[in-house]
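Biologist: Hello! Could you walk me through this chain, one question at a time?
Modeller: Gladly, let us look at it together.

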Amino acid sequence: LFGFVALVFEPLYYFGCNWDGIACPLAAEYPLIGHVRDIWAIYNQFDPMFFNVPKWLQIMCMIEVFIFGPLYLIFAYGFYYNTWWLRDLALPFSGALIYSTIVYFAMEALEMVPGTNMAIVFAVNLPWTILPCLVLY
């Protein structure tokens with residue numbers, strides 16, 4: 001699920017909508033982008049920061065897509081085949097995921113946009129912290 005979100009769902013929204021979830025210029029030409037935008041619009045009702053994405057969040061989202069995305073796939077492969085190198089990768093990756101979600105939650109709280117429902121923001125994004133904590137445990 002994490003890999004799908006990072007490698008498919010998020011890039012279709014970020015690049016397909018050019019960080020503009022309201023206008024989303026490619027949605028008319030590419031129906032899949034329109035569907036992703038519509039799904040994302042549900043989340044945006046609770047986290048309106050994604051209607052006007054600040055640069056710090058754009059950077060974090062690109063790290064999610066280009067660094068964490070491939071690592072999710074590598075980690076899934078290593079877990080499935082029970083590879084010897086999985087632990088060497090899992091520990092720093094888990095730390096990076098925990099760090100990034102803590103920064104994200106802190107920035108959401110510090111730069112809260114009117115209309116933000118922090119309970120929903122936490123509920124939707126908490127799995128990106130819980131799973132790495134379980135791995136470290």
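Biologist: Which residues of α4 are buried?
Modeller: This is a predicted model, in which local features need pLDDT of at least 70, side-chain atom pairs count only at pLDDT 80 or more, and totals for chains, interfaces and linings use all residues. Residues are numbered from 1 along each chain as its sequence is written, and side-chain values use heavy atoms, with hydrogens and water left out. Helices are DSSP runs (H or I, at least four residues), numbered from the N terminus, and buried means under 20% relative accessible area, exposed over 50%, partly exposed in between (1.4 Å probe, protein chains only). In α4, the buried residues are Leu86, Leu89, Ala90, Phe93, Ser94, Leu97, Ile98, Ser100, Thr101, Tyr104, Phe105 and Glu108.

Biologist: What covers the buried residues of α4?
Modeller: Contact here means heavy atoms within 4.5 Å. The cover includes α2 (31-44), α3 (55-80), α5 and α6 (127-136).

Biologist: How far apart are the end C-alpha atoms of α4?
Modeller: The expected span of a helix is 1.5 Å times one less than its number of residues. For the 25 residues of α4 that should be 36 Å. The model agrees, with the end C-alpha atoms apart by 36 Å.

Biologist: Which backbone oxygen does the side chain of Ser94 reach?
Modeller: Ser94 sits in helix α4 and counts as buried because its relative accessibility is 3%. Leaving aside neighbours within four places in sequence, Ser94 is in contact with Pro132, Val135 and Leu136. At 2.8 Å, its side chain reaches the backbone oxygen of Ala90.

Biologist: Is Ser100 buried or exposed?
Modeller: Ser100 also lies in helix α4 (residues 86-110). Outside its neighbours within four places in sequence, Ser100 is in contact with Met60 and Phe68. Its relative accessibility is 17%, so Ser100 counts as buried.

Biologist: Which cysteines does a disulfide join?
Modeller: A disulfide is a covalent bond between the sulfur atoms of two cysteines. In this model it is taken as a pair of cysteine sulfur atoms within 2.5 Å, and a search of the whole structure finds one. The link is left-handed, with -60° about the S-S bond. With S to S at 2.0 Å, it joins Cys17 to Cys24.

Biologist: Why does Cys61 have no bond to the closest cysteine sulfur, and how far away is that sulfur?
Modeller: Cys61 is buried, with a relative accessible area of 6%. The closest cysteine sulfur is in Cys17, too far for a bond. The distance is 13 Å.

Biologist: Which helix gives the most to the largest nonpolar core?
Modeller: A nonpolar core is a set of buried Ala, Val, Leu, Ile, Met, Phe, Trp, Tyr and Cys residues joined through side-chain atoms within 4.5 Å. Of the 24 residues in the largest one, Tyr14, Phe50, Leu57, Cys61 and Tyr104 touch the most other members. Then α1, α2, α3, α4 and α5 each supply at least two residues of this core. With six residues, the helix that gives the most is α3.

Biologist: What is phi of Asn82 near?
Modeller: Most residues other than glycine have a negative phi. Asn82 is found in the loop between α3 and α4, and it is exposed because its relative accessible area is 64%. Its phi is positive, near 50°.

Biologist: In which helix is confidence highest?
Modeller: The predictor's confidence in each residue is called pLDDT, from 0 to 100. The chain averages 88. Confidence is lowest in helix α1 (residues 2-16), at a mean of 85, and highest, at 93, in helix α5.

How values were computed: A polar contact is a pair of N or O atoms within 3.5 Å; within protein, one must be able to donate a hydrogen and the other to accept it, and residues adjacent in sequence count only if both atoms are side-chain atoms.
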